[in-house]
Amino acid sequence: GERDLYVTFLKADGTWTEPKALGPQVNTADAESSPFLAADGQTLYFSSMGHPGYGNGDIFVTRRLDDTWTNWSEPINLGPVVNTDKSDTYFTIPAKGDYAYLVSRDGAVGESDIFRLKLPPSFKPEPVAIVSGQVLDAFTQKPVAAEVMANVLTPLRKPGEKVDYDPETGDFRLVLAVRRTYQLMAKRDGYFGGGEVIDLSRERGFVDIRQNILLSPVRAGQKMVIPAVQFVQSKTEFLPGAEEALERIVQM
């Protein structure tokens, strides 16, 4: 149409994939704009002049149904409490999800103003946990650059979020879906891999977790305690996280 929404992905070499249109469920023959993907990676808010609305561009919400990024639920108008008979755009919602922010011309002091509002639960994204912290040398307690990852342990172990931690740019920050258990790990050449189990299986709302990771340098004669290697009581079965810790030893 006049203007569509696309998605592109950052590749390992620093370049971007060819932009892919989000498909006819989102894009119309008229103009779509100001897309905002929530922290859950699935809930998309955008402004549209092509979907049925109340004014000159309304805000809608849709949810990604698979990994193709072209299959979305039917967009839902956020309703007259949010949308006006004028232009409403640039909807954003922080990871905590208490408030949403948008730009609107209705009731503005100037041409358009920024407004804050509370959203009904049906329009909110899925709750997430933000895990942040530093990777520290276990002996010096000084930050060290490392790769940080959070692999899903339940129901099956699978790769999760991954970030590069640079002490000069602040803390590492991972956004994780709740109702799962993760193995939070860090690795760097010359160090034993370190990590912790983050159990979010019982969480149902937003969680903000501060968790530092300790890495011990590889030294002759050094003894290491691997707390993640634990067994189910009176059984030969490992608790979640043990296989990952043992695999790091095998790789070393």
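**Note on aromatic pairs, salt bridges and one sheet**

1. D171, with a relative accessibility of 38%, counts as partly exposed, and this value, like the others below, comes from a predicted model. The partner of D171 in a salt bridge is R210, and the closest N and O atoms of the two residues are 2.3 Å apart. The pair links distant parts of the chain, since R210 belongs to strand β18 (residues 207-210) whereas D171 lies in the loop between β13 (158-165) and β14 (172-177), 39 residues apart. R210 has a relative accessible area of 47% and is therefore partly exposed.

2. The count of salt bridges comes to seven. One of them joins the side chains of K86 and D85, with 3.7 Å from N to O. The two partners fall into separate classes of accessibility: K86, at 36% relative accessibility, counts as partly exposed, while D85, at 53%, counts as exposed because the cut-off for that class is over 50%. D85 and K86 also belong, together with D106, to one network of salt bridges that share partners.

3. Another salt bridge is formed by the side chains of R64 and D67, at 3.1 Å from N to O. Is R64 buried or exposed? With 15% relative accessibility, R64 counts as buried, because the cut-off is under 20%, whereas D67, at 67%, counts as exposed. R64 has a further partner of another kind, for R64 lies over the face of W69, at 4.1 Å from the ring centre. An arrangement of this kind is also found elsewhere in the model, where R116 lies over the face of Y99 at 3.7 Å from the ring centre.

4. The aromatic side chains deserve a separate look. The structure holds six aromatic pairs, and one of them is formed by F9 and W69, whose rings are 5.5 Å apart, centre to centre, with 70° between the planes, an edge-to-face arrangement. This pair, too, links distant parts of the chain: F9 is in the loop between β1 (6-7) and β2 (20-21), and W69 is in the loop between β5 (58-63) and β6 (76-77), 60 residues apart. F9 counts as partly exposed at 33% relative accessibility, while W69 counts as buried at 14%.

5. A second aromatic pair has another geometry. The ring centres of Y45 and F91 are 4.6 Å apart and the planes stand at 35°, so this pair is tilted. Y45 is part of strand β4 (residues 43-48) and F91 is part of strand β7 (residues 88-92), so the pair ties together parts of the chain that are 46 residues apart in sequence. Both Y45 and F91 are buried.

6. W72 brings several of these points together. This residue is found in the loop between β5 and β6, and with a relative accessible area of 2% W72 is buried. F9, W69 and W72 form one aromatic cluster, and W69 and W72 are linked in a further way, as the backbone oxygen of W69 lies 3.1 Å from a polar atom of the W72 side chain. Which residues, apart from neighbours within four places in sequence, is W72 in contact with? They are L22, Q25, V26, Q42, L44, T62, R63, R64 and L65; R64 is thus a contact of W72 as well as the residue placed over the face of W69. The C-alpha atoms of W72 and Q25 are 6.4 Å apart in space, although the two residues are 47 residues apart in sequence.

7. The last point concerns the sheet to which β5 and β6 belong. Four strands make up an open sheet in the order β3-β4-β5-β6, with antiparallel pairing. At the edges stand β3 (32-37) and β6, each of which has a single partner strand, so one side of each is left without a neighbour in the sheet. The pairing of β5 with β6 is antiparallel and runs over two bridges, and V61 stands opposite I76 in β6. The loop between β5 and β6 is also where W69 and W72 are found.

Note on methods. Residues numbered from 1 in each chain as written. Predicted model: local features only at pLDDT ≥ 70, side-chain atom pairs only at ≥ 80, totals over all residues. Heavy atoms only, no water. Phe/Tyr/Trp six-rings, centres within 6.5 Å; stacked < 30°, edge-to-face > 60°. Buried < 20%, exposed > 50% of the residue type's maximum accessible area, 1.4 Å probe, protein only. Lys NZ or Arg CZ within 6 Å of the ring centre and 35° of its normal. Salt bridge = Lys/Arg side-chain N within 4 Å of Asp/Glu carboxyl O. Pairing = 2+ DSSP bridges. Contact = heavy atoms within 4.5 Å. Polar contact = N/O pair within 3.5 Å; in protein donor to acceptor, adjacent residues only side chain to side chain.
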